Amino acid sequence: MSTHVRTALISTAGHCKVACGFCFRADRAHGFLDTATYTRTLSRLREAGVEGVCLSGGEPTHHPRLRQLVRLAHQFGMAVSVVTSARTAAEVTVLSRVARLLANVTVSADSQGAMALGRTTRTAASGIDTLRALGTGTKILHVTCWDLDDEECRELVGLVSGAGVEVQFSPVVLDERTLRREGGSVQDYLVRQQLDAELLGRHFDLSDRYRAYLGELRELQLPAGGGERWQCRSATAYVSADGRIRRCPYGQASVSAHAPRAAIGQFLTTPAQDRVTPDCAAICRRPSAAPDDRSASCTAA
């Protein structure tokens, strides 16, 4: 049975200077999504019933026509959100110019352990500073977690309390190759996820959706009886910076935004055949363009 596609995650840029060591992006390339391809994509997505888009990257604030991308989506009657790692003055300035046009803005951050693992500098404090500079109604700090401790959790509570932001958490998602490189096993990795979740639960009111997501990741990493992974059931399509539309970012099947209208419509309404993996589960859990889809948010306890 087909899942109706409600939203689309759009990669506006094929590259990102942050280059997280645990990045789970499905495609990387140089260049930006061109406006003509984007406009045609929006038209075809709207015809298929898509209600909102989330502009991601690479880094969306690096797109030379970000404001135009947002306004074009509004012209098609779509809500727009942005997921960003914006920290520099130039990036924050670009984002602030479109902030009031957005349903929500999610700024990505990493715990201290995740920063060391991924070789990033996306602190929660700098993410809060970015969000404070924006005039968007709904502001979300998304923290990727690894190897937490009580002191760091208490500091995070202090940062988000009174800041007027929602906070979401995700565990670091590592593939088998990265696990081998780090000298760990799947079992060690899952234990670390559980320990981090227990720590977060002492300081934040974790949502049922977050706990369910951890269970799904465990099942994907260690399928019961070695069973086959379940089929994609996401209501979010994915558009790469080169204008390819997929039902899953990691899926092999795709259709060009320049294909005939009927071909795109059939592709978006035909049941997805892709099997869920930890990487695509992590991407699909990212915030959508729908302003009321915030069930993964957590509050300080």
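These numbered points walk through the fold, the sheet, the cores and a few single residues of a predicted model.

1. Overall make-up. The chain has 301 residues, and 54% of them are buried. DSSP runs give 11 helices and 11 strands. About 13,300 Å² of the chain is exposed, with 50% of that area supplied by carbon and sulfur atoms. Among contacts with a separation of 6 or more, 76% join residues 24 or more positions apart.

2. The sheet. Nine strands make up an open sheet. Their order is E6-E5-E4-E3-E2-E1-E8-E9-E10, and the pairing is mixed. Which strands stand at the edges? They are E6 and strand E10 (255-256). Each has a single partner strand, so one side of each is left without a neighbour in the sheet.

3. The E1 and E8 pair. Strand E1 covers residues 7-11, and strand E8 covers residues 236-239. The two pair in the parallel sense over four bridges. Leu9 stands opposite Tyr238 in E8.

4. Strand E5 and its partners. E5 (residues 138-145) pairs with strands on both sides. Strand E4 (residues 104-110) is joined to E5 by seven bridges, and the two run parallel. Here Asp110 stands opposite Thr144. With E6, the pairing is again in the parallel sense, over six bridges. There Leu141 has Val167 of E6 as its bridge partner.5. Cover over E5. Is strand E5 mostly covered or mostly open? Eight of its eight residues are buried. In a regular strand the side chains alternate between the two faces of the sheet. On one side of E5 the buried residues are Thr138, Ile140, His142 and Thr144. On the other side they are Lys139, Leu141, Val143 and Cys145. Both faces are therefore covered, given that buried means under 20% relative accessible area.

6. The largest core. The largest nonpolar core has 59 residues. Leu55 and Phe169 have the most contacts inside it. Helix H2 (residues 66-75) gives the largest share of this core, five residues. In general, nonpolar side chains tend to be buried together in soluble globular proteins.

7. Around Leu55. What does Leu55 touch, not counting residues up to four places away in sequence? Its contacts include Ile10, Tyr38 and Pro60. Leu66, Leu69 and Val70 are also among them. So are Val80, Ser81, Val82 and Val83, and Thr12 completes the list.

8. An aromatic pair. A search of the whole structure finds two aromatic pairs. One of them joins Phe169 and Phe204: the ring centres are 5.0 Å apart and the planes stand at 70°, so the pair is edge-to-face. Phe169 lies in strand E6 (residues 166-171), and Phe204 lies in strand E7 (residues 204-205). The pair therefore ties together parts that are 35 residues apart in sequence. Phe169 counts as buried, at 0% relative accessibility. Phe204 counts as buried too, at 1%.

9. Helix H8. This helix spans residues 186-203 and has 18 residues. From its first C-alpha to its last it reaches 26 Å, close to the 26 Å expected at 1.5 Å a residue. Its buried residues are Val186, Tyr189, Leu190, Gln193, Asp196, Ala197, Leu199, Leu200 and His203.

10. A separate core. Apart from the largest core lies another, of 11 residues. Val186, Tyr189, Leu190 and Leu217 are among its members. Val186, Tyr189 and Leu190 also appear among the buried residues of H8.

11. Gln193. Gln193 lies in helix H8. Is Gln193 buried or exposed? Its relative accessibility is 5%, so Gln193 counts as buried. Not counting residues up to four places away in sequence, Gln193 touches Pro171, Val172, Leu214 and Leu217.

12. Two positive phi values. Most residues other than glycine have a negative phi. Arg119 is not a glycine, yet its phi is positive, about 60°. Arg119 sits in the loop between helix H4 (112-118) and helix H5 (124-132). Its relative accessible area is 58%, so Arg119 is exposed. Asp147 also has a positive phi, near 60°. Asp147 is placed in the loop between E5 and helix H6 (150-160). With a relative accessible area of 42%, Asp147 is partly exposed.

Definitions and conventions. Residues numbered from 1 in each chain as written. Predicted model: local features only at pLDDT ≥ 70, side-chain atom pairs only at ≥ 80, totals over all residues. Heavy atoms only, no water. Phe/Tyr/Trp six-rings, centres within 6.5 Å; stacked < 30°, edge-to-face > 60°. Buried < 20%, exposed > 50% of the residue type's maximum accessible area, 1.4 Å probe, protein only. Expected span 1.5 Å × (residues − 1). Core = buried A, V, L, I, M, F, W, Y, C linked by side-chain atoms within 4.5 Å. Contact = heavy atoms within 4.5 Å. Areas by Shrake-Rupley, 256 points an atom, 1.4 Å probe, with all protein chains shown as cover. Pairing = 2+ DSSP bridges.
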